[in-house]
Amino acid sequence: MLKQYRMAVIGAGCLMTALVATSLMSLENEKSTEDTEYILRAVKMIDDTQAKAEVAKINSEILTQSNWYLSAAKSAERIMPFQAEATDTLDNTIALEDTGAEMPVQTEDSSEQEMAVVENSPFDGYVLPDVDVYLNIRETPSIDGKIVGKLYVGSAAKIKEVVNGWTLITSGNVEGYVSNDYIITGKEAEVMALEEGKLVAKVTSGGLRVRKQPNLDADVLDLAAEGDTFEIVEQLDGWIGIEYSSDTVAYISADYVKSDFELGKAISIEEELAAMQAAREEAAIKAAQEAAAKERANQQNVQTASTDIATVTGASVEADYDDTYLLACLIHMEAGGEPYEGKLAVANVVLNRMKQGYGNSISEVIYARGQFSGANTGALASRLAKGPNDECVRAAQEALSGVNNIGDYIFFIALRKANYSSYSEYTIIGGHCFYKR
């Protein structure tokens, strides 16, 4: 009888051991020590005189535990898939950390994550004014704030803080607030910078030859010193076209210059007042220089054209709308701040060049190499986008109708760059000297 009990207990023990082992594996060994003790107790009690009672007790307890494990296993079956996902994610995270790869970002839609990627720009953290002339910089973030400076078109400022529709900026010697409605940054600012700013070349080696054409056999016009800076007109393979003078494009080797984008800085109210005073003084000096130049020309018996050149009306020039608009924008670019007579004179320079074979149309003359540097630096493109003022439109239309106030002159230059003794004839209108060689 005892042998039968022993066999029964062993059989039950084996069966329950299998069940327990299976449950233990799926439930991460919970209560494993306690269940094993039940089985061992059953085996040890086989020869006890109270075997029947103990076996019955052990069987009852094992059955109870078995039911508990079966119930737990069903719950675990529902939980385990989520545990597996969590484990995979953890394993992947560790693997990425070990390899130094970029950690994955969990999003509801990976395509949205890709769309959210924004390309960096050198203008991130900087602003440009999106206005016609200048943007006021205020002491406080309010339309009533005191104006402490101005950010002109073509200037940039660094962002310090953004507050309720206003941005605290710093540029030059000015720090203050500008309205977010009139500024741009990042890629948008980068596009505007190409229009409003200018690209310059700084010479990195002394004695750099400035040539007439982009080749080593071309004539040398000058030698540039280290540190000299020129506005870039065009960039070719191995060569940089520079504005050598207002009407001359020259070339220097690209190997000995550093190209950089040049933008202006904000100006404080105090600096602006000082600049205005300096401008008045400079105007007085220029007036004295003009008078002296005319006197020298008379003394040298140089035939001198005066500002008394008669305005005449000759044959009209045909031009379509596009060329008329282009001419008006060029006038604005070259003489936007000049008196009307100066605007009309610039218009006639273009038409005189066309008559003398510089191009078969107004557009060909304007975009011809070495004619108008602003046509290749983005300045003219910017004006074309904004449009000319009314006086420039009128000057273009009147010149096309045949009105001419400079005769057959085809050159003009800013007064500060004029070399009167080298001109066979010249006349001064506003801030420009129109001349013949």
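1. In this predicted model, lysine 187 and glutamate 190 are joined side chain to side chain by a salt bridge, with 3.5 Å between N and O. Because the two residues stand three positions apart in helix H5 (residues 186-196), about one helical turn separates lysine 187 from glutamate 190. Both ends of this pair are partly exposed: lysine 187 has a relative accessibility of 37%, and glutamate 190 has a relative accessible area of 24%.

2. A second pair links glutamate 234 with arginine 369, and here the closest N and O atoms are 3.4 Å apart. Glutamate 234 belongs to strand S11 (residues 229-236), while arginine 369 sits in the loop between helix H9 (362-367) and helix H10 (379-386), so this salt bridge ties together parts of the chain that are 135 residues apart in sequence. Glutamate 234 has a relative accessible area of 18% and is therefore classed as buried, the limit for that class being under 20%.

3. Lysine 150 and glutamate 272 form a further salt bridge, in which the closest N and O atoms lie 3.2 Å apart. Since lysine 150 is in strand S3 and glutamate 272 is in helix H6 (residues 269-299), the pair connects parts separated by 122 residues in sequence. Lysine 150 and glutamate 272 are both buried. As a general point, side chains of opposite charge can pair when their charged atoms come close.

4. The salt bridges come to seven by the rule applied here. Asp408, Glu425 and Lys436 are joined into one network by salt bridges that share partners.

5. Where in the chain is serine 155 found? Serine 155 occupies the loop between strand S3 (147-152) and strand S4 (157-163), and, with a relative accessible area of 5%, serine 155 is buried. When neighbours within four places in sequence are set aside, the contacts of serine 155 are with Val127, Leu128, Pro129, Gly264 and Lys265. From serine 155 to glycine 172 the C-alpha to C-alpha distance is 9.9 Å, with their positions 17 residues apart in sequence.

6. The largest pocket holds about 970 Å³ of space, and 32 residues line it, with Glu231, Met333, Glu334, Gly374 and Ala379 lying nearest its centre. Which helix provides the largest share of this lining? That share, four residues, comes from H10, while H5, helix H7 (321-335), H10 and strand S18 (411-414) are the elements listed as each supplying at least two lining residues. By residue class, the lining of the largest pocket divides into 14 charged, 11 polar and seven nonpolar residues.

7. For the chain as a whole, the model contains 11 helices and 20 strands, and 37% of the 437 residues are buried. Among contacts with a separation of 6 or more, 63% are between residues 24 or more positions apart. The exposed area of the chain is about 25,500 Å², and 51% of that area is supplied by carbon and sulfur atoms.

Conventions: Residues numbered from 1 in each chain as written. Predicted model: local features only at pLDDT ≥ 70, side-chain atom pairs only at ≥ 80, totals over all residues. Heavy atoms only, no water. Buried < 20%, exposed > 50% of the residue type's maximum accessible area, 1.4 Å probe, protein only. Contact = heavy atoms within 4.5 Å. Areas by Shrake-Rupley, 256 points an atom, 1.4 Å probe, with all protein chains shown as cover. Salt bridge = Lys/Arg side-chain N within 4 Å of Asp/Glu carboxyl O. 1 Å grid on protein atoms, 1.4 Å probe; cavity = no way out; pocket = protein on both sides within 12 Å on 5 of 7 lines; lining within 4 Å. Points joined across faces, edges and corners; volume = space filled by probe spheres on them. Nonpolar A, V, L, I, M, F, W, Y, C, P; charged D, E, K, R; others polar.
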